[in-house]
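Hi everyone, thanks for coming. Have the sequence and the model open while I talk, and stop me if anything is unclear.

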Amino acid sequence: MAVQELIGRLARDHWLTEKEYEMLLTCRFPEVSRQLRILADRERRRFCGTRVFLRGVVEVSSICENDCLLCPRRKSSDHCERYRLRPREILDLCDESWVQELDTVVLRTGYDTFYTDRMLCALLDKLRLRLPGCALTLATGERRRTGYEALYNSGADRYLLLEETTDRERYEQLHPAPMSWNRRLHCLSVLKDIGYQTGCGFLVGVPGQTAAELARELKFLEDFQPHSVDLVQMNTDEALTDDLISMIRLMLPEALITAPENRAGAVLAGANVLSLSLTQEQESAPRCGGCRAVTPATPQSIARLAREMSDIGFEIDRGPGDRNG
Ligand code: SF4
(Lines give C-alpha, C1' and ligand atoms only; values in the text may rest on other atoms or scores of the structure.)
Protein backbone atom coordinates (compact mmCIF):
# COMPACT_ATOMS: atom_id res chain seq x y z
CA MET A 1 0.00 0.00 0.00
CA ALA A 2 1.32 3.48 -0.89
CA VAL A 3 2.47 5.57 2.05
CA GLN A 4 0.10 8.37 1.05
CA GLU A 5 -2.77 5.94 1.29
CA LEU A 6 -1.67 4.88 4.78
CA ILE A 7 -1.62 8.49 5.97
CA GLY A 8 -5.08 9.04 4.51
CA ARG A 9 -6.33 5.97 6.33
CA LEU A 10 -4.78 7.08 9.62
CA ALA A 11 -6.53 10.44 9.25
CA ARG A 12 -9.84 8.76 8.47
CA ASP A 13 -9.87 5.78 10.86
CA HIS A 14 -7.40 7.00 13.56
CA TRP A 15 -5.57 3.69 13.66
CA LEU A 16 -3.11 1.56 11.72
CA THR A 17 -1.47 -1.77 12.36
CA GLU A 18 1.92 -1.81 14.06
CA LYS A 19 3.54 -2.84 10.77
CA GLU A 20 1.88 0.08 9.00
CA TYR A 21 3.17 2.56 11.60
CA GLU A 22 6.61 1.09 11.09
CA MET A 23 6.28 1.50 7.33
CA LEU A 24 5.41 5.19 7.79
CA LEU A 25 8.41 5.63 10.08
CA THR A 26 10.78 4.09 7.56
CA CYS A 27 9.52 6.24 4.65
CA ARG A 28 10.24 9.65 6.07
CA PHE A 29 10.57 11.61 2.83
CA PRO A 30 9.82 15.36 2.77
CA GLU A 31 6.61 14.73 0.85
CA VAL A 32 5.45 12.24 3.52
CA SER A 33 6.16 14.72 6.33
CA ARG A 34 4.34 17.43 4.40
CA GLN A 35 1.23 15.29 3.99
CA LEU A 36 1.33 14.33 7.67
CA ARG A 37 1.54 18.02 8.70
CA ILE A 38 -1.34 19.08 6.46
CA LEU A 39 -3.71 16.38 7.67
CA ALA A 40 -2.66 16.73 11.33
CA ASP A 41 -3.26 20.46 11.17
CA ARG A 42 -6.69 19.86 9.67
CA GLU A 43 -7.61 17.44 12.48
CA ARG A 44 -6.37 19.80 15.20
CA ARG A 45 -8.35 22.71 13.75
CA ARG A 46 -11.49 20.57 13.75
CA PHE A 47 -11.25 20.03 17.51
CA CYS A 48 -9.51 23.04 19.02
CA GLY A 49 -9.20 25.51 16.16
CA THR A 50 -6.00 27.51 16.33
CA ARG A 51 -5.79 27.55 20.14
CA VAL A 52 -2.61 26.49 21.87
CA PHE A 53 -3.03 25.90 25.60
CA LEU A 54 -0.63 27.00 28.32
CA ARG A 55 0.31 24.93 31.32
CA GLY A 56 2.29 26.16 34.27
CA VAL A 57 4.72 23.61 35.71
CA VAL A 58 5.92 23.70 39.31
CA GLU A 59 9.07 21.63 39.73
CA VAL A 60 8.23 20.66 43.29
CA SER A 61 11.42 18.71 43.99
CA SER A 62 14.57 17.74 42.14
CA ILE A 63 15.22 14.81 44.45
CA CYS A 64 14.55 11.31 43.17
CA GLU A 65 15.18 8.00 44.83
CA ASN A 66 15.40 6.15 41.52
CA ASP A 67 18.33 5.90 39.20
CA CYS A 68 16.96 5.82 35.65
CA LEU A 69 19.86 5.87 33.25
CA LEU A 70 18.92 8.77 30.99
CA CYS A 71 17.37 11.05 33.57
CA PRO A 72 19.17 14.16 34.82
CA ARG A 73 17.42 13.77 38.19
CA ARG A 74 18.58 10.23 38.88
CA LYS A 75 19.90 9.84 42.36
CA SER A 76 23.48 9.11 41.28
CA SER A 77 23.76 12.30 39.19
CA ASP A 78 26.20 14.86 40.57
CA HIS A 79 25.06 17.50 38.11
CA CYS A 80 21.61 18.12 39.49
CA GLU A 81 21.03 20.87 42.00
CA ARG A 82 18.85 19.32 44.69
CA TYR A 83 15.99 21.11 46.41
CA ARG A 84 12.50 20.56 47.74
CA LEU A 85 9.71 23.12 47.83
CA ARG A 86 7.58 23.15 50.96
CA PRO A 87 3.80 23.28 50.54
CA ARG A 88 3.81 26.93 51.70
CA GLU A 89 6.23 27.86 48.90
CA ILE A 90 4.10 26.09 46.30
CA LEU A 91 0.99 27.91 47.51
CA ASP A 92 2.86 31.23 47.37
CA LEU A 93 3.83 30.55 43.76
CA CYS A 94 0.24 29.79 42.87
CA ASP A 95 -0.94 32.98 44.59
CA GLU A 96 0.74 35.13 41.94
CA SER A 97 -2.06 36.88 40.09
CA TRP A 98 -0.85 35.91 36.61
CA VAL A 99 -0.50 32.27 37.69
CA GLN A 100 -4.13 32.41 38.71
CA GLU A 101 -4.99 33.16 35.10
CA LEU A 102 -3.49 29.84 33.97
CA ASP A 103 -6.08 27.11 33.95
CA THR A 104 -3.62 24.23 34.03
CA VAL A 105 -1.04 23.85 36.77
CA VAL A 106 1.24 20.81 36.96
CA LEU A 107 2.98 19.79 40.20
CA ARG A 108 5.96 17.66 39.24
CA THR A 109 8.49 15.60 41.16
CA GLY A 110 10.52 12.48 40.56
CA TYR A 111 10.14 9.66 43.06
CA ASP A 112 10.49 11.60 46.28
CA THR A 113 8.80 9.92 49.24
CA PHE A 114 9.04 13.16 51.22
CA TYR A 115 5.76 14.11 49.52
CA THR A 116 3.39 11.68 51.12
CA ASP A 117 -0.16 11.20 49.84
CA ARG A 118 -1.42 12.99 52.93
CA MET A 119 0.82 16.01 52.35
CA LEU A 120 -0.20 16.27 48.69
CA CYS A 121 -3.89 15.86 49.56
CA ALA A 122 -3.67 18.76 52.04
CA LEU A 123 -1.94 20.85 49.38
CA LEU A 124 -4.56 19.99 46.76
CA ASP A 125 -7.36 20.96 49.17
CA LYS A 126 -5.84 24.42 49.45
CA LEU A 127 -5.04 24.74 45.76
CA ARG A 128 -8.59 23.78 44.84
CA LEU A 129 -9.83 26.83 46.79
CA ARG A 130 -7.18 29.15 45.37
CA LEU A 131 -7.40 28.02 41.75
CA PRO A 132 -11.06 27.23 41.06
CA GLY A 133 -11.60 26.01 37.51
CA CYS A 134 -7.93 25.12 37.12
CA ALA A 135 -7.01 21.65 35.84
CA LEU A 136 -4.81 20.52 38.73
CA THR A 137 -2.33 18.08 37.30
CA LEU A 138 0.05 15.85 39.19
CA ALA A 139 3.24 14.33 37.84
CA THR A 140 4.39 12.78 41.08
CA GLY A 141 5.39 9.35 39.88
CA GLU A 142 4.34 5.83 40.73
CA ARG A 143 2.12 5.48 43.79
CA ARG A 144 -0.27 2.92 45.21
CA ARG A 145 -3.86 2.83 44.01
CA THR A 146 -5.07 4.10 47.37
CA GLY A 147 -2.75 7.09 47.03
CA TYR A 148 -3.95 7.89 43.51
CA GLU A 149 -7.55 7.62 44.73
CA ALA A 150 -6.97 9.93 47.68
CA LEU A 151 -5.31 12.53 45.44
CA TYR A 152 -8.16 12.31 42.93
CA ASN A 153 -10.70 12.77 45.71
CA SER A 154 -8.76 15.82 46.92
CA GLY A 155 -9.21 17.51 43.58
CA ALA A 156 -6.46 16.36 41.20
CA ASP A 157 -7.99 16.26 37.72
CA ARG A 158 -5.09 15.02 35.65
CA TYR A 159 -2.08 12.81 36.13
CA LEU A 160 0.97 12.74 33.96
CA LEU A 161 3.16 9.62 34.01
CA LEU A 162 5.27 8.75 31.03
CA GLU A 163 5.63 5.10 30.18
CA GLU A 164 8.89 6.21 28.45
CA THR A 165 9.02 2.94 26.53
CA THR A 166 6.65 0.03 26.21
CA ASP A 167 9.51 -2.27 25.24
CA ARG A 168 10.15 -4.32 28.36
CA GLU A 169 13.78 -5.09 27.55
CA ARG A 170 14.60 -1.44 26.85
CA TYR A 171 12.71 -0.34 29.96
CA GLU A 172 14.77 -2.70 32.07
CA GLN A 173 18.01 -1.44 30.47
CA LEU A 174 17.11 2.16 31.31
CA HIS A 175 15.43 1.63 34.69
CA PRO A 176 17.41 -0.51 37.11
CA ALA A 177 15.60 -2.49 39.80
CA PRO A 178 13.54 -1.94 41.85
CA MET A 179 11.76 -0.14 38.99
CA SER A 180 9.46 -2.37 37.06
CA TRP A 181 7.97 -2.17 33.59
CA ASN A 182 4.85 -4.01 34.80
CA ARG A 183 4.31 -1.53 37.61
CA ARG A 184 4.66 1.52 35.34
CA LEU A 185 2.04 0.18 32.91
CA HIS A 186 -0.14 -0.93 35.81
CA CYS A 187 -0.02 2.59 37.31
CA LEU A 188 -1.17 4.05 34.00
CA SER A 189 -4.14 1.72 33.80
CA VAL A 190 -5.06 2.42 37.45
CA LEU A 191 -4.96 6.18 36.85
CA LYS A 192 -7.29 5.87 33.91
CA ASP A 193 -9.56 3.51 35.79
CA ILE A 194 -9.91 5.97 38.69
CA GLY A 195 -11.05 8.66 36.27
CA TYR A 196 -8.01 10.90 35.91
CA GLN A 197 -7.43 12.59 32.60
CA THR A 198 -4.28 10.59 32.09
CA GLY A 199 -1.22 11.76 30.21
CA CYS A 200 1.58 9.54 29.00
CA GLY A 201 4.31 9.53 26.38
CA PHE A 202 7.61 8.08 25.30
CA LEU A 203 11.25 8.91 24.72
CA VAL A 204 12.34 9.73 21.16
CA GLY A 205 15.94 9.26 20.12
CA VAL A 206 17.11 6.73 22.69
CA PRO A 207 20.37 5.26 21.31
CA GLY A 208 19.55 2.16 19.27
CA GLN A 209 15.81 2.90 19.07
CA THR A 210 14.36 1.44 15.87
CA ALA A 211 11.36 2.24 13.69
CA ALA A 212 9.78 -1.01 14.89
CA GLU A 213 10.11 0.14 18.51
CA LEU A 214 8.60 3.53 17.75
CA ALA A 215 5.75 1.78 15.94
CA ARG A 216 5.04 -0.18 19.14
CA GLU A 217 5.01 3.07 21.12
CA LEU A 218 2.45 4.49 18.72
CA LYS A 219 0.33 1.36 18.93
CA PHE A 220 0.38 1.60 22.72
CA LEU A 221 -0.94 5.18 22.58
CA GLU A 222 -3.60 4.15 20.12
CA ASP A 223 -4.78 1.37 22.45
CA PHE A 224 -4.45 3.38 25.66
CA GLN A 225 -6.18 6.53 24.35
CA PRO A 226 -4.55 9.01 26.75
CA HIS A 227 -5.98 12.45 27.34
CA SER A 228 -2.58 14.03 26.74
CA VAL A 229 0.77 13.07 25.25
CA ASP A 230 4.28 14.32 25.97
CA LEU A 231 7.21 13.18 23.85
CA VAL A 232 10.63 13.59 25.40
CA GLN A 233 13.13 14.37 22.69
CA MET A 234 16.51 12.82 23.52
CA ASN A 235 18.42 13.89 20.42
CA THR A 236 18.34 16.63 17.85
CA ASP A 237 16.17 14.91 15.25
CA GLU A 238 13.33 17.38 15.56
CA ALA A 239 11.91 16.26 12.20
CA LEU A 240 11.36 12.74 13.56
CA THR A 241 9.68 14.08 16.71
CA ASP A 242 7.46 16.30 14.59
CA ASP A 243 6.49 13.42 12.28
CA LEU A 244 5.53 11.42 15.38
CA ILE A 245 3.48 14.35 16.71
CA SER A 246 1.60 14.53 13.40
CA MET A 247 0.89 10.79 13.52
CA ILE A 248 -0.30 11.06 17.13
CA ARG A 249 -2.56 13.98 16.20
CA LEU A 250 -4.13 11.87 13.45
CA MET A 251 -4.52 8.96 15.85
CA LEU A 252 -5.85 11.04 18.79
CA PRO A 253 -7.53 14.07 17.23
CA GLU A 254 -8.75 15.53 20.53
CA ALA A 255 -5.65 14.95 22.64
CA LEU A 256 -3.58 17.62 24.31
CA ILE A 257 -0.12 17.18 22.79
CA THR A 258 2.77 19.13 24.27
CA ALA A 259 5.24 20.86 21.98
CA PRO A 260 8.73 19.75 23.13
CA GLU A 261 10.79 22.84 24.06
CA ASN A 262 7.78 24.94 23.03
CA ARG A 263 8.95 24.70 19.41
CA ALA A 264 6.84 26.36 16.74
CA GLY A 265 7.65 23.43 14.42
CA ALA A 266 6.02 21.02 16.86
CA VAL A 267 2.90 23.22 17.00
CA LEU A 268 2.76 23.25 13.21
CA ALA A 269 3.05 19.45 13.32
CA GLY A 270 -0.03 19.15 15.54
CA ALA A 271 0.96 19.95 19.14
CA ASN A 272 -1.38 22.23 21.08
CA VAL A 273 0.20 22.71 24.53
CA LEU A 274 3.10 24.92 25.65
CA SER A 275 4.77 24.50 29.04
CA LEU A 276 5.78 27.37 31.27
CA SER A 277 8.08 26.90 34.23
CA LEU A 278 6.78 28.44 37.44
CA THR A 279 10.07 27.59 39.14
CA GLN A 280 13.67 28.23 38.12
CA GLU A 281 14.53 24.56 37.70
CA GLN A 282 14.25 23.79 33.99
CA GLU A 283 17.29 21.80 33.00
CA SER A 284 16.68 18.65 34.97
CA ALA A 285 13.02 17.85 34.29
CA PRO A 286 12.28 14.26 35.24
CA ARG A 287 12.00 11.97 32.24
CA CYS A 288 8.96 10.31 33.76
CA GLY A 289 7.09 13.59 34.20
CA GLY A 290 6.77 15.02 30.71
CA CYS A 291 8.39 17.66 28.54
CA ARG A 292 10.79 20.16 30.01
CA ALA A 293 9.24 23.56 30.62
CA VAL A 294 11.93 25.69 29.00
CA THR A 295 10.08 29.01 29.11
CA PRO A 296 9.85 30.81 32.45
CA ALA A 297 6.30 31.78 33.31
CA THR A 298 6.46 35.55 33.38
CA PRO A 299 4.03 38.01 31.81
CA GLN A 300 6.85 39.00 29.40
CA SER A 301 7.63 35.48 28.23
CA ILE A 302 3.93 34.72 27.82
CA ALA A 303 3.66 37.83 25.62
CA ARG A 304 6.66 36.63 23.60
CA LEU A 305 5.13 33.17 23.14
CA ALA A 306 1.86 34.81 22.11
CA ARG A 307 3.73 36.74 19.39
CA GLU A 308 5.54 33.61 18.21
CA MET A 309 2.26 31.71 18.00
CA SER A 310 0.55 34.58 16.23
CA ASP A 311 3.37 34.64 13.65
CA ILE A 312 2.50 31.07 12.66
CA GLY A 313 -1.27 31.59 12.76
CA PHE A 314 -2.15 30.39 16.29
CA GLU A 315 -3.22 32.03 19.51
CA ILE A 316 -2.41 31.10 23.08
CA ASP A 317 -5.29 30.12 25.34
CA ARG A 318 -5.08 30.05 29.15
CA GLY A 319 -8.00 27.63 29.47
CA PRO A 320 -7.57 23.97 30.49
CA GLY A 321 -8.19 22.64 26.98
CA ASP A 322 -10.70 20.05 28.10
CA ARG A 323 -12.31 17.91 25.44
CA ASN A 324 -15.59 19.69 25.98
CA GLY A 325 -13.94 23.05 25.37
S1 SF4 B 1 12.79 9.22 35.26
FE2 SF4 B 1 11.55 9.80 37.05
S3 SF4 B 1 11.81 8.07 38.48
FE4 SF4 B 1 13.48 7.92 36.99
S5 SF4 B 1 15.24 9.00 37.90
FE6 SF4 B 1 14.10 10.45 36.63
S7 SF4 B 1 12.70 11.49 37.99
FE8 SF4 B 1 13.38 9.62 39.00
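So, aromatic pairs: a search through the whole structure turns up 5 of them. To count as a pair, rings of Phe, Tyr or Trp (its six-membered ring) need centres within 6.5 Å; planes under 30 degrees apart are called stacked, over 60 edge-to-face, and the rest tilted. Take Tyr 159 and Tyr 196: their ring centres are 5.6 Å apart and their planes sit at 80°, so that pair is edge-to-face. Tyr 159 is in strand β4 (residues 158-160) and Tyr 196 is in the loop between α8 (181-194) and β5 (197-200), so the pair ties together parts 37 residues apart in sequence. Helices here are DSSP runs of H or I with at least four residues, strands are runs of E with at least two, and both are numbered from the N terminus.

Before I go on, a word on the source: this is a predicted model, where local features need pLDDT of at least 70 and side-chain atom pairs count only at pLDDT 80 or more, while totals for chains, interfaces and linings use all residues. Residues are numbered from 1 along each chain as its sequence is written, and side-chain values use heavy atoms, with hydrogens and water left out.

Are those two tyrosines, Tyr 159 and Tyr 196, buried or exposed? Tyr 159 is buried at 0% relative accessible area, and Tyr 196 is buried too, at 4%. Buried means under 20%, exposed over 50%, and partly exposed in between, with a 1.4 Å probe and protein chains only. Both tyrosines belong to one aromatic cluster with Tyr 148 and Tyr 152.

Now for a stacked pair. Phe 220 and Phe 224 have ring centres 5.5 Å apart and planes at 10°, so they count as stacked. They're 4 residues apart in helix α9 (residues 211-224), which is about one helical turn. In general, an α-helix has 3.6 residues a turn, so residues three or four places apart point the same way. Phe 220 and Phe 224 are both buried. Phe 224 also has company: the charged end of Lys 192 sits over its ring, 4.8 Å from the centre. That label needs NZ of Lys or CZ of Arg within 6 Å of the ring centre and within 35 degrees of the ring normal.

On to helix α10, residues 238-251. Its 14 residues should span 20 Å at 1.5 Å a residue, and the end C-alpha atoms are indeed 20 Å apart. The expected span is 1.5 Å times one less than the number of residues. Of those 14 residues, 12 are buried, so α10 is largely enclosed by the rest of the structure. One of the buried ones is Asp 242, at 6% relative accessible area. Which residues does Asp 242 touch, leaving aside neighbours within four places in sequence? The contacts are Arg 37, Arg 263, Gly 265, Ala 266 and Ala 269, where contact means heavy atoms within 4.5 Å.

Last, some backbone oddities. Most residues other than glycine have a negative phi, and most peptide bonds are trans. Here, though, the bond from Ala 177 to Pro 178 is cis, with omega near 15°. Gln 225 has a positive phi, near 55°, and is partly exposed at 38%. Asn 262 also has a positive phi, about 55°, but is buried at 5%.
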